[in-house]
Amino acid sequence: MPVIEVRELTKRYGATRAVDGLSFTVPPGLVTGFLGPNGAGKSTTMRVVLGLDRPTSGEALVGGHRYADLPRPLHRVGALLDAGDAHPGRAARDHLRVLARSNGIGDRRVDELLERVGLGSVAGRRVGALSLGMRQRLGVAAALLGDPEVLLFDEPVNGLDPEGIRWIRGLMRGLAAEGRAVLVSSHLMGEMALTADRVVVVGRGRLVLEGPVSELVDRARREVLVRAPEPGGLVAALERAGGEVVPEGERWVVRGLDAPAVAGIAHAEGVLLHELTPRGASLEEAYLELTESVVRHRAEGVAA
Ligand SMILES: Nc1ncnc2c1ncn2[C@@H]1O[C@H](COP(=O)(O)OP(=O)(O)OP(=O)(O)O)[C@@H](O)[C@H]1O
């Protein structure tokens, strides 16, 4: 059973549809990457899941309930939205203690978490004197206070150095391995390929794709570059087989057929090939292509 369920969610701010009929689920035990370009509606969706924003229509449920109806929300859902939300003048430890006490959580849990996120030695330091990476770790500790089964991270690697990025990745993988549902937003596909088991891709507030990371790769446009000094009937035969053939310099770009199929057709036509090169899109390209096509379609839709 999915732990987070977003159903037909729409959120408008005036004329802006930040989220537009979005549905997806976040299952337990996996890291789900929430991907989309800037302004795609990721933060808005997360805020609605956390009850910080009200949907215009549709709903977002955690364990079958709206956030507002969860009895002990901090014990069900933890979130890292913005590293800058702690009081700068307060010591890191005290920041967590205040949060913990107001939720009936003891100081021992605070000390345990400070160690877990690697802030044990700087726990007495003012929040304002912590580096961005340390504040990010403090935010993670706050999210984990109630030992929640669901975790939301909004662009957690922003501004972190490579060591901090590695740490966050390992942490998210570990939390999922403990059976928790982890939703992490990013606008970088490469980052998600290293961290997520599955992805929910959004563009302009709408769902573009939901599924395993590998599905995105499969969606990548695949091409075969072909060079044949005497092509004869090759192009026509490739087109008959369903390929789309476009000249590129001295070569042909074939789409819709894989390299073995192209080789087989060339052989059947008796055409000698000097080159047969499969060209696959990278994950980042596949993702950009997907989100761009959504943006284009929607722009055309608006113009029509
Ligand atoms: N409180 C608000 N008032 C008005 N417009 C808003 C508000 N919050 C978000 N928006 C708009 O809604 C759209 C979606 O924003 P959102 O922050 O959810 O996107 P995002 O995918 O998280 O992008 P980013 O990666 O830039 O954070 C944007 O056009 C944004 O300007």
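In this predicted model, the protein has 11 helices and 13 strands. Let's start with its overall build. The C-alpha atoms fill a box of roughly 80 × 45 × 35 Å along the principal axes. The radius of gyration is 24 Å, whereas a compact globule of 304 residues would have one near 19 Å. Buried residues make up 37% of the 304 residues. What about contacts between residues that sit far apart in the sequence? If you take the contacts with a separation of 6 or more, 70% of them are between residues 24 or more positions apart.

**The six-stranded sheet**

One open sheet has six strands, in the order 5-6-7-3-8-9, and its pairing is mixed. Strand 5 (77-80) and strand 9 (206-212) are at the edges with a single partner strand each, so one side of each has no neighbour in the sheet. On average, neighbouring strands here are turned by 15° against each other, direction ignored.

Look at strand 3 (residues 31-35) and strand 7 (residues 181-186): they pair in the parallel sense, over five bridges. Within that pairing, Phe34 has Ser185 in strand 7 as its bridge partner.

Two helices lie across strands of this sheet. Helix 5 (residues 132-144) lies across strand 5 and strand 6 (150-154). Helix 6 (residues 162-177) lies across strand 3, strand 6 and strand 7. You'll find their angles in the table further down.

**The four-stranded sheet**

Now for another open sheet, this one with four strands in the order 11-12-10-13 and antiparallel pairing. Its edge strands, strand 11 (244-248) and strand 13 (275-280), each pair on one side only. From one strand to the next, the twist averages 25°.

Strand 12 is a good place to pause. How many bridges does strand 12 (residues 251-255) form with strand 11? There are five, and the two strands pair in the antiparallel sense. Val245 has Val254 in strand 12 as its bridge partner, and Glu248 stands opposite Arg251 in strand 12. Strand 11 and strand 12 also form a hairpin with two residues between them. In that turn, Gly249 has a positive phi of about 60°.

Strand 10 pairs with strand 12 as well, again in the antiparallel sense, over four bridges. Here Val224 stands opposite Val254. Put those pairings together and you can see Val254 set against Val245 and also against Val224.

Which residues of strand 12 are on its covered face, and which are on the uncovered one? Trp252 and Val254 are on the covered face, while Arg251, Val253 and Arg255 are on the uncovered one. Helix 10 (residues 259-269) lies across strand 10 (222-227), strand 12 and strand 13.

Here's how the helices run against one strand of each group they lie across:

| Helix | Reference strand | Angle |
|---|---|---|
| Helix 5 (residues 132-144) | Strand 5 | about 170° |
| Helix 6 (residues 162-177) | Strand 7 | about 150° |
| Helix 10 (residues 259-269) | Strand 13 | about 155° |

**Around the ligand**

The model also has a ligand, so let's see who is around it. The residues there are Tyr13, Thr16, Ala18, Gly36, Asn38, Gly39, Ala40, Gly41, Lys42, Ser43, Thr44 and His187. Strand 2 (16-26) and helix 1 (42-49) are the elements that give two or more residues to this shell. Which element gives the largest share? That's helix 1, with three residues. By type, the shell divides into three nonpolar residues, eight polar and one charged.

Let's zoom in on one member of the shell, Ala18, which is in strand 2. Is Ala18 buried or exposed? Ala18 is buried, because 22 other C-beta atoms lie within 10 Å, and 20 or more is what counts as buried. Leaving out residues up to four places away in sequence, Ala18 touches Lys11, Tyr13, Gly41, Thr44 and Gly205. Take Thr44 from that list: Ala18 and Thr44 are 26 residues apart along the chain, yet their C-alpha atoms are separated by 6.9 Å.

Key
Residues numbered from 1 in each chain as written. Predicted model: local features only at pLDDT ≥ 70, side-chain atom pairs only at ≥ 80, totals over all residues. Near = placed C-beta within 6 Å. Nonpolar A, V, L, I, M, F, W, Y, C, P; charged D, E, K, R; others polar. Rg over C-alpha atoms; globule rule 2.2 N^0.38 Å. Buried ≥ 20, exposed ≤ 12 C-beta atoms within 10 Å, placed from the backbone. Contact = placed C-beta atoms within 7 Å. Pairing = 2+ DSSP bridges. Axes fitted to C-alpha atoms, helices over the stretch in contact; angles between N-to-C directions.
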